[in-house]
Amino acid sequence: MLDPRLLRAFVAIADHRSFTGAATALNMTQSTISQQLARLEQGIGGALVDRAARPVLPTPAGERLLGHARRILALHDEAERLLTDPAGTHPVRIGMPDDIASHAMTGALAAFAGQHRDIRLDVTIGLSRELTRRYHGGELDIVVVKEARPGPDHRISFAEPMAWYEGSAAPDWPDPIPLVAFPAGGLYRDEMFARIEREGRRWYVALTSSSLSSVLVAVETGMGISLLPCRSTLGRDLRIHAPLGREQPMAVSLYGWETAGPVGELADRMIAVLAGRDGAAGG
């Protein structure tokens, strides 16, 4: 009964107060406008405009319908725009660790999204092992992960210098020594425990956090020592803990299911950001 085409004809007649003006506005013939109004009136069961009046005016029933008709047409137009706008129709799922989601990386993602309105970026920040599991399970399209060695299907890999850090004003550490660690399942955490066990040191976990920022603050303020990527310590009030010193570098690897098209282009942009990190290690 409330066909949007018929409602549009009725609203145009009410707005222009004439069949001729409505026909011109909608690029139709006056006969077509009259037929559409007649069909709407037939469905409603009453007259909507006073055809004898000059200018043409809505009847009381037409006045009641007019506001609703405008709202129906506005919703119809909004839905039509939504369905015809390609923005965000193709999701690309990305995963990366906390410290990889830098200003440069998120800026590259934002620039890409601005140039590809049809793509919706869905970025997950998490621990590398969980991101790797989700990638191989098909839940993520592109991942950047930290790992001991890059896998055979990696797109590219960069060395991540690692070292044990303490606050610049750290005290002589007690026995057992306090550690600041990432949650269970974190790559750094397992490496920390393995190394300190090899050294024959007694230890306990003083703080656990999934946030790199929180871990850095805890080490800076003297809560304990931690194994950290050297790049993350730039500008921090930290120094290398001399007894444990540096560790073997880890790998920062990018994996992606597609090498061509927009997803391949995005992977290339992310690779460029990762290459910009290379050589920026602190010590």
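R17 sits partway out of the protein: at 45% relative accessibility it counts as partly exposed, where the class runs between buried (under 20% relative accessible area) and exposed (over 50%), using a 1.4 Å probe and protein chains only. Its backbone is a little unusual too, with a positive phi of about 60° although R17 is not a glycine. The residue belongs to the loop between α1 (4-16) and α2 (19-25); helices here are DSSP runs of H or I with at least four residues, strands are E runs of at least two, and both are numbered from the N terminus. N27 has a phi near 60°, again positive in a residue other than glycine. This one is found in the loop between α2 and α3 (30-44), and with a relative accessible area of 71% N27 is exposed.

All of this comes from a predicted model, in which local features need pLDDT of at least 70 and side-chain atom pairs count only at pLDDT 80 or more, while totals for chains, interfaces and linings use all residues. Residues are numbered from 1 along each chain as its sequence is written, and side-chain values use heavy atoms, with hydrogens and water left out.

Two proline bonds also stand out in the backbone. The peptide bond from R54 to P55 is cis, with omega near 5°, and P55 lies in the loop between β1 (49-50) and β2 (57-58). Further along, D175 and P176 are joined by a cis peptide bond as well, omega being about 10°. P176 falls in the loop between β6 and β7 (177-181).

Turning to the sheet, strand β11 (residues 246-256) is mostly covered, with eight of its 11 residues buried. Strand β5 (residues 142-147) runs antiparallel to β11 and is joined to it by six bridges; for two strands to pair, DSSP has to find at least two bridges between them. In this pairing K146 stands opposite V252 of β11. Strand β6 (residues 156-167) is also antiparallel to β11, this time with seven bridges, and here S157 stands opposite S253 in β11. As a general point, side chains in a regular strand alternate between the two faces of the sheet.

Then there are the aromatic rings. A search of the whole structure turns up four aromatic pairs, taking rings of Phe, Tyr and Trp (the six-membered ring of Trp) whose centres lie within 6.5 Å, and calling planes under 30 degrees apart stacked, over 60 edge-to-face and the rest tilted. One of the four is Y135 with W257, a stacked pair at 4.5 Å centre to centre and 20° between the planes. Y135 lies in helix α6 (residues 128-136) and W257 in the loop between β11 and α9 (261-277), so the pair ties together parts that are 122 residues apart in sequence. The two partners differ in exposure: Y135 is buried at 2% relative accessibility, whereas W257, at 47%, is partly exposed. Another aromatic pair, F182 with Y188, is edge-to-face, at 5.6 Å centre to centre and 75° between the planes. Here F182 is buried at 8% relative accessibility, and Y188 is buried with a relative accessible area of 8%. Back with the stacked pair, Y135 and W257 form one aromatic cluster together with Y255.
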